[in-house]
Amino acid sequence: MRIPCPHCGPRDLREFTYKGAALMDRPTGDWSEAWDAYLHLRDNPAGRSEDLWYHGPCGTWVLVDRDTVNHAIHGARAAQ
Ligand SMILES: [Zn+2]
């Protein structure tokens, strides 16, 4: 699989580190069941998903729109 880095262009998957789902609501306050779920429970969607990846060679965080079923990549942009 090749991931398009916004700065380097299409690069091999091995240059990236997967960091998880891009849009997760971070709980507020002290420890709670919501924090436990935030830290340990993940959805495993079949289909399109936006994930956060880190491109080590250039140090860029990349939001990747990909399909978890067929590994097609529909887009990528630098994370803010
Ligand atoms: Zn890069």
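The paragraphs below lead through a zinc site, a small set of paired strands and one residue on a strand.

The structure is a predicted model, in which local features need pLDDT of at least 70 and side-chain atom pairs count only at pLDDT 80 or more, while totals for chains, interfaces and linings use all residues. Residues are numbered from 1 along each chain as its sequence is written, and side-chain values use heavy atoms, with hydrogens and water left out.

We can begin at the metal. The zinc ion is coordinated, at 2.0 to 2.4 Å, by the SG atoms of Cys5, Cys8 and Cys58 and by ND1 of His55; donors here are N, O and S atoms within 2.8 Å of the metal (3.2 Å for Na, K and Ca), and sites may look incomplete, as water is not among the atoms. The angles among the four donor atoms are 105 to 115°, and the site is tetrahedral, a label given to four donors if all angles lie between 85 and 135 degrees. Along the chain, the donors follow the spacing C-x2-C-x46-H-x2-C. Cys5 counts as buried because its relative accessibility is 4%, whereas Cys8, at 32%, counts as partly exposed; buried means under 20% relative accessible area, exposed over 50%, and partly exposed in between (1.4 Å probe, protein chains only).

Next come the strands, which are DSSP runs of E with at least two residues, numbered from the N terminus. Strand β1 (residues 2–5) pairs with strand β2 (residues 9–12) in the antiparallel sense over four bridges, where two strands pair if DSSP finds at least two bridges between them. A hairpin of three residues joins β1 to β2, and Arg2 stands opposite Asp12 in β2.

Four strands form an open sheet in the order β3-β4-β5-β6, with antiparallel pairing. Its edge strands, β3 (16–21) and β6 (73–78), each pair on one side only. Within this sheet, β4 (residues 48–55) and β5 pair in the antiparallel sense over eight bridges, and Ser49 stands opposite Arg66 in β5.

Finally, Asp65 is found in strand β5 (residues 60–67). The side chain of Asp65 makes a polar contact with the side chain of Arg48 at 2.5 Å; a polar contact is a pair of N or O atoms within 3.5 Å, and within protein one must be able to donate a hydrogen and the other to accept it, while residues adjacent in sequence count only if both atoms are side-chain atoms. Leaving aside residues up to four places away in sequence, Asp65 touches Arg48, Ser49, Glu50, Ala72, Ile73, His74 and Gly75, where contact means heavy atoms within 4.5 Å.

Notes: Tetrahedral: all angles 85-135°; square planar, octahedral: opposite > 155°, others 65-115°.
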